[in-house]
Amino acid sequence: MSFTVKLRFEKRWQHVYCYLRLIFKFSNFQIATFLICFLLIPFTSGAQTATASTKEKEYQIGDWIPVDLFVSAASNNQVAFPNLKDSISPIIEVANYNPVDTVKKGGQNEYHQLVNLIVFDTGQIMLPRFQFLVNSNGKLDTIVSESILVHVAGVKIDTTKDIKPIKEPLKIPLTFKEILPFLIGTIILALIAALIAWYIIERKRKNQPVDEKYLLPPHVWALKELDKLQRDKLWQTGAVKNYYSRLTDIARTYIELRYHISAMERTTDELMSAMHKGMMKQSLKKDLNEVLVMSDFVKFAKAQPDFIENENSMRIIKEFIDKTKQLEEEKKPLTQKD
Amino acid sequence: MVLFLQPNKLNFMESIDIKALNEKIQQDSAFLEILNLEIGKSIVGQKYMLERLMIALLSQGHILLEGVPGLAKTLAIKSLSEAIDTKFSRIQFTPDLLPADILGTMVYNQSKGNFEVKKGPIFSNFILSDEINRAPAKVQSALLQAMQERNVTLGDTTYKLEEPFLVMATQNPIEQEGTYNLPEAQVDRFMLKVKISYPEFEEERQIMRQNVAGAPSGIKPVISAATILKARDTVREVYMDEKIEKYILDIIFATREPVKYKIDNLKHLISYGGSPRASISMAMASKAYAFIKRRGYVIPEDVRAVAHDVLRHRIGITYEAEAENINQEEIIHTILNRVEVP
């Protein structure tokens, strides 16, 4: 349905045909010439028309009202469509609009734009006229569409039914496009945090001195420590308890590094049970047990072994290490974690 | 060749004569064998429970037993009492029990016209508080106060409880409905919490035969209360090196601050750790254990042997631990495996 002063070309050709018949009926050349010139004016001067139309006449409050803005102008003319804002009037809002679509037809250009309006009032509502600017070879011209009358109905209330609760606002699903900036931001932040954490850990690790026992082979480290213990001459100066404490600590740490048994957290009996048959010769295990038991006496029962025992204990531990050391071909890289 | 001296031939330092102490302990602990033989007449198996009972008795502690019914809990303490020639009382805790039912009360004597003291069952040497969690808090509190202070006040007079005084309380882990759980502060007063389980197959066969035959246990008093009191003094003399003291404290502190001991995974599982009473109990129990093993000094094995019984009721676990099905046993096990042995 159209509410316009639109000049339709089909109708126009009908008019032309009628005019021509009239002219030739009168066969007055002067009049005919005048009428032909009058008829041709719109074609020669480039006709411009603007319409605004809706598909229907009845709408409900809050509905989108699609308004088709149409302009026809000569192809060498420039047409500017109205700059639509959020609302047209206090009761009419612009929901959205499409870009202008151009179709060439002969020497004319037809421009279409679909504008969705929302009316927040009821009754007979007059949609306003739309203004278009046409630049015809530097000459600005304004064309306007006709206003449109629509009927906006309110929500029908059925009073016979119960009052229903207010409807929740519609939930608009989030689009990936909306999430994308946050997603990128989060990833960037996480990367920065990871980078900082990595930098701090690396710096801490570099600054932390690595214990020599993790760098050297267990037997090398243990023998080095035993030599140091011997040089300290502890039992010779009466520090027997300290001597046995260090001796057993070295032996236990060696077992821990060599056999991966948590020897420092085990008692002598538990350690002996953990060292199963396949690990070493039973004679070596027996000798080690005797040193550890002796150390327990010294450490916990104030026993004072004589110098032969002290020397013997050192010799046994050295022998144990020497006979149980890891051969080159058995070696596997050790880490601090191990 | 290894030419080691035997431990008894080792020279010991003069300040604390461990050799002499060892000899003294050998003498003073000789009664343990006789006692075990006598109790063995009526009790088959349950060696762990009897050993713990002896630890608590020798270190002036009390014991909380947890186990299903029918595991000879009553028989064990009754037999111990009979073998030591001491008085035994059994108090069955019920919801309607009153503090006076345990402690005693003042009764009016009409003929004499005055109030007389009627002592309760607590005035015994060995008390079995059966199903302690069935009585309300005020009754539990009265018993625990007497256990701690070792005396009872009736009227204006305070009566000292006769030594040896040992309370063995039992809890049934199955039926929890209608029970009053002991608060942490009160449970802490028990030196040990021992969990007992069913006997072995062969042990149960023997128990069955013994009961079917209906032979009387015939437990006779083999030692006196004085022997126990003397042994208690000897237990206190058992030598504990400062390295062992540090080891005990390390274990207790690891229950409070696991992160400090690099046991980070326990941080969210422990709500509270062992109290100073735990340190005292662990030291005393370790000494008693060393005494039972006929040694005059404590070694790390002694500490580890009693650690579970000393700590299991003194460590609070979080909801996270409960959700992950982690109990006190696992926490103690982890701590013992992570704290360095001296």
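This text walks through a predicted model of one protein chain, from its overall make-up to two groups of strands and one buried serine.

Chain A holds nine helices and twelve strands. Of its 338 residues, 33% are buried. The accessible surface of the chain comes to about 22400 Å², and carbon and sulfur atoms contribute 59% of that area. Among contacts in chain A with a separation of 6 or more, 64% link residues 24 or more positions apart.

A useful place to begin is strand β12 of chain A, which covers residues 148-153. The side chains along β12 alternate between two faces. On one face are A:Ile148, A:Val150 and A:Val152, which are buried. On the other are A:Leu149, A:His151 and A:Ala153, which are not buried.

Strand β12 also pairs with other strands. Strands of a sheet pair through backbone hydrogen bonds, in either the parallel or the antiparallel sense. Both senses can be found here. Strand β2 of chain A (residues 58-60) pairs with β12 in the parallel sense, over three bridges. Within this region, A:Tyr59 has A:Val152 of β12 as its bridge partner. Strand β9 of chain A (residues 123-127) pairs with β12 in the antiparallel sense, over five bridges. Here A:Ile125 has A:Val150 of β12 as its bridge partner. Both of these partners in β12, A:Val150 and A:Val152, belong to the face whose side chains are buried.

A separate description applies to an open sheet of three strands in chain A, with the order β4-β10-β11 and antiparallel pairing. Strands β4 (78-80) and β11 (139-144) stand at its edges; each has a single partner strand, so one side of each is left without a neighbour in the sheet. From one strand to the next, the twist averages 25°. The pairing of β4 with β10 (residues 131-136) is antiparallel and runs over three bridges. In that pairing, A:Val79 stands opposite A:Val134 of β10.

The last stop is a single residue, A:Ser72, in strand β3 (residues 64-74) of chain A. Is A:Ser72 buried or exposed? Its relative accessibility is 4%, and because buried means under 20%, A:Ser72 counts as buried. Leaving aside residues up to four places away in sequence, A:Ser72 touches A:Ala47, A:Gln48 and A:Thr49, as well as A:Gln108, A:Asn109 and A:Glu110. With one of these residues, A:Gln108, the serine also makes a polar contact of 3.1 Å between side chains.

Conventions
Residues numbered from 1 in each chain as written. Chains lettered and ligands numbered in written order. Predicted model: local features only at pLDDT ≥ 70, side-chain atom pairs only at ≥ 80, totals over all residues. Heavy atoms only, no water. Buried < 20%, exposed > 50% of the residue type's maximum accessible area, 1.4 Å probe, protein only. Helix = DSSP H or I, 4+ residues; strand = E, 2+ residues; numbered from the N terminus. Pairing = 2+ DSSP bridges. Contact = heavy atoms within 4.5 Å. Areas by Shrake-Rupley, 256 points an atom, 1.4 Å probe, with all protein chains shown as cover. Polar contact = N/O pair within 3.5 Å; in protein donor to acceptor, adjacent residues only side chain to side chain. Axes fitted to C-alpha atoms, helices over the stretch in contact; angles between N-to-C directions.
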